[in-house]
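Got your viewer open? Load the model and keep the selection panel handy, and we'll walk through it one stop at a time.

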Amino acid sequence: MSDGQYIHTRMHDRVALIRIQRDEARNALNLALMNELVDTLECLDADETVRCMVLTGGEKAFAAGADIAEMADVTAPAMKLLNQFRIWDKIRFLTKPLIAAVNGYALGGGCELAMACDMIVAGEEAKFGQPEVKIGVMPGAGGTQRLTRNVGKARALEMLLTGNAISAERAWQMGLVNRVVATDKCVDEALRLAHEIAQQAPMAVRLIKESVLKALDTDIQTGMDFERNAFYLLFATEDKSEGMKAFLERRNPVFHGR
Ligand code: CAA
């Protein structure tokens with residue numbers, strides 16, 4: 001258990017539940033909040049006792065984007081020097097699965113944050129959108145890149161150029177989210193999924209995540225070679241021996257992450 005200014009963490013067995021708490025500003029992602037969030041994620045990623053992570057916000061908002069008040073008077077050179085979105089890249093290098101549990105608004109940086117996670121469980125009232133164009137800018141934390149990869153060029157452009165938000169149901173139809181559940185079941189469902197993943201062999205989970213991320217930005221042969229080597233590497237783990245032995249002995253495996 002740990003409580004920072006904006007980020008609260010609770011352990012549920014081997015799953016970490018990380019909650020963004022800045023309700024009064026619809027969880028707008030100011031610099032201090034993002035620093036705290038990324039530090040927390042990196043600490044949990046390095047913690048051997050943690051197998052999977054769930055990131056959530058509040059009932060009204062997962063996050064309503066970057067903090068507009070904080071950015072309103074910043075000049076272009078200051079923005080470039082600050083390069084505030086560089087720390088977001090650290091989320092991409094987390095080795096453990098990170099599941100977003102999204103209720104309420106996931107707008108702008110909030111939608112980008114959800115997409116930076118590996119999977120998204122949405123509450124039925126959730127809204128996803130990239131409204132930056134409405135305030136005269138554009139996404140700066142991956143919106144044009146991840147949304148396009150996730151839903152395709154035409155649908156991404158419609159969302160990005162109109163700034164209009166879509167419902168959870170529509171997000172599911174477009175392949176942006178894994179599943180839609182009742183609002184009050186959203187975090188529980190994300191935790192359930194996380195617990196299922198937490199039972200698997202950690203090294204296999206890690207290499208599967210790495211291989212899938214590789215598939216997003218490499219040609220097929222490089223990806224196939226990467227996958228094959230990862231597969232062979234798992235033959236050096238005790239968990240591989242245990243997993244195969246348990247199958248042959250018709251019992252559940254007990255994985256130790258070695
Ligand atoms: N930044 C700063 N403050 C924000 C905020 C944001 N992104 N979103 C909401 N807030 C604040 C409001 O200013 C308001 O503060 P006060 O009570 O002090 O006035 C408080 O949160 C509640 O907001 P609303 O009264 O607007 O609440 P609502 O329920 O009527 O509407 C909302 C909620 C639809 C999310 C609306 O607040 C909204 O449209 N927010 C802005 C969304 C947006 O444009 N996001 C993109 C930001 S830019 C970005 O994210 C760039 C990037 O790529 C990272």
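Before the first click, one cut-off: a polar contact here is a pair of N or O atoms within 3.5 Å. Also keep in mind that this is a predicted model.

**Stop 1: the ligand**

Select Glu112 together with the ligand. A polar side-chain atom of Glu112 sits 2.7 Å from a ligand oxygen atom, so the pair falls within the 3.5 Å limit for a polar contact. How much of the ligand does the protein bury? On its own the ligand exposes 980 Å², and the protein buries 62% of that.

Now add Ala66 and Ile68, and show their backbones. For Ala66, a backbone N or O atom lies 2.8 Å from an oxygen atom of the ligand. For Ile68, a backbone N or O atom is 2.9 Å away from a ligand nitrogen atom.

Next, bring up the whole shell: 22 residues surround the ligand, and the closest are Ala66, Ile68, Gly109, Glu112 and Gly140. Which elements should you colour? Helix 2 (68–71), strand 7 (105–107) and helix 5 (109–116) each supply at least two residues of that shell.

**Stop 2: strand 6**

Select residues 98–102, which make up strand 6. Are they buried or exposed? Five of the five residues are buried, so call this strand mostly covered, with buried meaning under 20% relative accessible area.

Turn on the side chains. In a regular strand they alternate between the two faces of the sheet. Here Leu98, Ala100 and Val102 point one way, while Ile99 and Ala101 point the other way. Both sets are buried.

Then show the neighbours. Strand 4 (residues 52–56) runs parallel to strand 6 and is joined to strand 6 by four bridges; Met53 has Leu98 as its bridge partner there. Strand 8 (residues 119–123) also pairs with strand 6 in the parallel sense, over four bridges. To find that pairing, pick Ala100, whose bridge partner in strand 8 is Ile120.

**Stop 3: helix 12**

Jump to residues 238–248, helix 12, and highlight its buried residues: Asp239, Glu242, Gly243 and Ala246. Why do they end up on the same side of the helix? Because they cover an arc of only 100 degrees around the axis.

What do they pack against? Add helix 10 (202–216) to the selection: the buried residues of helix 12 pack against helix 10.

Last click: Arg250, just after helix 12, where phi is positive at about 55 degrees.

Methods. Residues are numbered from 1 along each chain as its sequence is written. This is a predicted model: local features need pLDDT of at least 70, side-chain atom pairs count only at pLDDT 80 or more; totals for chains, interfaces and linings use all residues. Side-chain values use heavy atoms; hydrogens and water are left out. Buried means under 20% relative accessible area, exposed over 50%, partly exposed in between (1.4 Å probe, protein chains only). The arc is that of the directions from the helix axis to the C-beta atoms. Contact means heavy atoms within 4.5 Å. Two strands pair if DSSP finds at least two bridges between them. A residue is near a molecule or strand if one of its heavy atoms lies within 4 Å of it. A polar contact is a pair of N or O atoms within 3.5 Å; within protein, one must be able to donate a hydrogen and the other to accept it, and residues adjacent in sequence count only if both atoms are side-chain atoms. Accessible areas come from the Shrake-Rupley method with a 1.4 Å probe; for residues, only the protein chains shown count as cover.
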